[in-house]
Amino acid sequence: MIVDSGTVPENSDPDLELATATKAVQAGLHRDSITGAANPAIQLSTTFHRDADYQLPGDFNYARTNHPNAAALESVAAQLDGGESALAFASGMAAISALFNTIPAGAHAMAPRIMYHGAQDLLIKLSETKGFALDLYEHDREIESLMRPGQTDLVWVETPTNPMWDVIDIESAAVATRAGGATLAVDSTVAPPPTTRPLELGADIVFHSATKYYGGHSDVIGGLLIAKPDERRWPGLIESRTLNGSILAPFDAWLVLRGLRTLFVRYERSSANAMAVAKHLTEHPAVARVLYPGLESHPGHGIASRQMTGGYGGMLSLLLAGGEPAARRMASRTKVFVPATSLGGVESLIEHRVAAEGPNSIVPPDLVRLSVGIEDVNDLIADLGRALDQDR
Ligand SMILES: *Cc1c(COP(=O)(O)O)cnc(C)c1O
């Protein structure tokens, strides 16, 4: 819906009940009261006027604290996840860093043993420098037994987990976390709002690397935190972003907002393509195993079918029968899949993951990670087939 709201997009009309997909498509649409522009301007001003009474007439004072393009993105991001408020950061890691830095010395935190390696490295470092205890759980069933009531402060869940795509049951993690009086934060980068809404499953805070499905075009780095009303960490997170200067820049916020308008269709197409690729490769003799939550053979399929209601996403991994040399060869032989790290863009990517993570990686060396994009699926299947068949 289009409302006249000056240069700050504001598309929440309380009288109109709209589906989340519609909100995403219309994100940021408005009518600029001066120019009539239908799309938001990029506001680069770092500072904002005070009025005759020396008051700030709007929500903005200085752009390191907040600015119109970040605010526009945050308003939409909060709606997509069914949250009260959102904060946009200069990268996913800046957002994670702000959150992990709220864990006090002497407290206890938990995270999956296999997860996005950068975030785990940060958590391990912070546990050492700040002096909190950290447990890395193998399976979500362990969360309950590892809880230390009164001491556990934060439980971090990533689902599906990078790069094995195990599925963590958010609802049961939330029950265990709440019983222990801790905060449940979910990295839902790989399962964005078209398929999973962690706050509705009991999580307190959701994180997205906006670099991935939100931006969707591999051309912007950003991160988002979204929370329910009255989240006790929220004032501290706002303060941390201002003091550390880690807000997302105006143009980058504009790009993420532009990207998320097609989030739902991109996610649907990536999911359909990935499912077809996964099914096809299951039959291939050079592939020992396909790890994809959409396959019935996947151990997390039962939870995924309840928790990923809008598709299983574009991420899958292959374990190759020919071991590490075969994985390395395959990742350098495709012509449509781009040999590069990252995920969630319109273009398909292939990666020999252990090489990307470095010497401390615990990822199986025969693993090839695919980010399936939105190309014609027959081209993708043929490309992977050619890269594998050269080995036979
Ligand atoms: C990329 C990624 C991050 C980190 O986000 P950046 O935007 O690269 O800083 C965190 N978690 C997951 C699952 C990711 O894929």
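Helices (H or I, at least four residues) and strands (E, at least two) are here DSSP runs, numbered from the N terminus. The model is predicted, so that local features need pLDDT of at least 70 and side-chain atom pairs count only at pLDDT 80 or more, while totals for chains, interfaces and linings use all residues. Residues are numbered from 1 along each chain as its sequence is written, and side-chain values use heavy atoms, with hydrogens and water left out.

**Exercise 1. Describe the shell around the ligand.**

Step 1. Taking a residue as near the ligand if one of its heavy atoms lies within 4 Å of it, one finds 14 residues around the ligand, the closest being Met 93, Asp 187, Ser 209, Thr 211 and Lys 212.

Step 2. Turning to the elements, α3 (92-100) and β6 (205-209) each supply at least two residues of this shell, and the largest share, 3 residues, comes from α3.

Step 3. Sorted by class, the shell has 5 nonpolar, 6 polar and 3 charged residues.

**Exercise 2. Find polar contacts of the ligand, and state how far the protein covers the ligand.**

Step 1. A polar contact is a pair of N or O atoms within 3.5 Å. An oxygen atom of the ligand lies 3.0 Å from a polar backbone atom of Gly 92.

Step 2. Side chains take part as well: a polar side-chain atom of Ser 209 is 2.8 Å from an oxygen atom of the ligand, and an N or O atom in the side chain of Lys 212 is 2.7 Å from a ligand oxygen atom.

Step 3. Of the 380 Å² of accessible area that the ligand has on its own, the protein covers 93%, as given by the Shrake-Rupley method with a 1.4 Å probe.

**Exercise 3. Characterise the packing of α3 against α4.**

Step 1. The axes of α3 and helix α4 (residues 117-131) are 11 Å apart, and the two helices pack at an angle of about 30°.

Step 2. Because angles under 35 degrees count as roughly parallel, α3 is roughly parallel to α4.

**Exercise 4. Locate the unusual backbone geometry.**

Step 1. Most residues other than glycine have a negative phi, and most peptide bonds are trans.

Step 2. The peptide bond from Thr 159 to Pro 160 is cis, with omega near -10°, and Pro 160 lies in the loop between β4 (152-158) and α6 (170-179).

Step 3. Tyr 54, which is not a glycine, has a positive phi of about 65°, and its place is in the loop between α1 (20-25) and α2 (68-80).

Methods:
A polar contact is a pair of N or O atoms within 3.5 Å; within protein, one must be able to donate a hydrogen and the other to accept it, and residues adjacent in sequence count only if both atoms are side-chain atoms. Ala, Val, Leu, Ile, Met, Phe, Trp, Tyr, Cys and Pro count as nonpolar, Asp, Glu, Lys and Arg as charged, and the others, Gly among them, as polar. Axes are lines fitted to C-alpha atoms, for helices over the stretch in contact, and angles run from 0 to 180 degrees between N-to-C directions. Angles under 35 degrees count as roughly parallel, over 145 as roughly antiparallel, 65 to 115 as roughly perpendicular and the rest as oblique.
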